[in-house]
Amino acid sequence: MSDAIPRHVLCVLGSGLDLSEIERIAADFGGFVLDREYSETEPDPRMPKAFEASMAEASFDEADWAAVESHDTVGYLLSAPMMRELAADTSRRLLAATAALLRSGATAVKNESSGITHGRDRWLALADRAAGAEDEDLADVLVSAWVQRPIHDGEVLYSCGMHLLGAPEVEIEVDEEQLTEDGLPDLVMHLDTLATYLLTDPRAEEIEDGAGFRMAEDAPRWVLRTGPYDGDDYEDDLSFNPYGYVRLTRPQ
């Protein structure tokens, strides 16, 4: 396993937003600091395209796009590097901090470590769900908040962001004919089921390459393939997952 340690980097936009206020609000949730080197009180013309590339179309409305276009402040919040057993709690606290920022003048937020954003209403709804959630319900909302999926590379659908929850990325082998309007939601459901299993079932810590897996007791059997992400250069990327991946494959 790689020695890289995941951390959240959160991009916070606003108009007339005081960087010190971002830092003060985030500090109330413990362990989050403002990156003074890269934060700035001027607009960044790259932001519209950066948010567009972060799945904004899934939940942005006209007000969200307008907020990105009209921002004049960019703050970057950093979590501490997260040990695996602390990642889920850190991610839950950061989700609460995100909601507090949006309720206090921030206008748009995206996560640089997984490449995901949500519209304001979606962020607030996720934070409200997480506030009282436990076990599988909490795992579900944290995956929804911080994990970008599905991403398609031609052979598999996969996630980006499970490292922020202390778990491997989830993948599933696919054929092109499965990627239809009707078929894609079912594939994403498989990814999410596997993600929840990895985050909540103690047996997940002992998964071995070639193990069997079923979505339910009477469901078809899948074979799990596990492996690392290789490459020294890639380890410097915020999205690098030192825990590797777990892939759903059909039996041969």
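A residue counts as partly exposed when its relative accessible area lies between the limits for buried, under 20%, and exposed, over 50%. The legends below describe close-up views of a predicted model.

**View 1. A patch of negative charge on the surface gathers D153, E155, E173, D175, E176 and E177.** Within this patch, D175 is placed in the loop between strand 8 (169-173) and helix 7 (183-200). The relative accessibility of D175 is 44%, and D175 therefore counts as partly exposed.

**View 2. Aromatic pairs amount to five in the model.** One of them joins Y197 and F213 in an edge-to-face arrangement, with 5.1 Å centre to centre and 65° between the planes. This pair links distant parts of the chain, since Y197 belongs to helix 7 and F213 to strand 9 (residues 212-214), 16 residues apart. Y197 has a relative accessibility of 16% and so counts as buried. F213 likewise counts as buried, because its relative accessibility is 8%.

**View 3. F51, F60 and W65 form an aromatic cluster.** The three residues are linked by ring pairs.

**View 4. A salt bridge connects R149 and D192.** The closest N and O atoms of R149 and D192 are 2.6 Å apart. The pair links distant parts of the chain: R149 lies in strand 6 (residues 148-152) and D192 in helix 7, with their positions 43 residues apart in the numbering. Both R149 and D192 are buried. In total, the structure holds 12 salt bridges.

**View 5. R225 and D209 meet through their side chains in a salt bridge.** The N to O distance is 3.0 Å. Here too, distant parts of the chain are linked: R225 is in strand 10 (residues 221-227), whereas D209 is in the loop between helix 7 and strand 9, 16 residues apart. R225 has a relative accessibility of 36% and therefore counts as partly exposed. D209, at 44% relative accessibility, also counts as partly exposed.

**View 6. E21, R24 and D28 are joined into one network by salt bridges that share partners.** Between D28 and R24, the closest N and O atoms are 3.8 Å apart. D28 has a relative accessible area of 59% and is therefore exposed. R24, by contrast, counts as partly exposed, because its relative accessibility is 45%.

Notes. Residues numbered from 1 in each chain as written. Predicted model: local features only at pLDDT ≥ 70, side-chain atom pairs only at ≥ 80, totals over all residues. Heavy atoms only, no water. Patch = residues over 30% accessible without salt bridge, like charges linked within 9 Å, V, L, I, M, F, W, Y side chains within 5 Å. Areas by Shrake-Rupley, 256 points an atom, 1.4 Å probe, with all protein chains shown as cover. Salt bridge = Lys/Arg side-chain N within 4 Å of Asp/Glu carboxyl O. Lys, Arg positive; Asp, Glu negative; His and termini not counted. Charge placed at Lys NZ, Arg CZ, Asp CG, Glu CD. Helix = DSSP H or I, 4+ residues; strand = E, 2+ residues; numbered from the N terminus. Buried < 20%, exposed > 50% of the residue type's maximum accessible area, 1.4 Å probe, protein only. Phe/Tyr/Trp six-rings, centres within 6.5 Å; stacked < 30°, edge-to-face > 60°.
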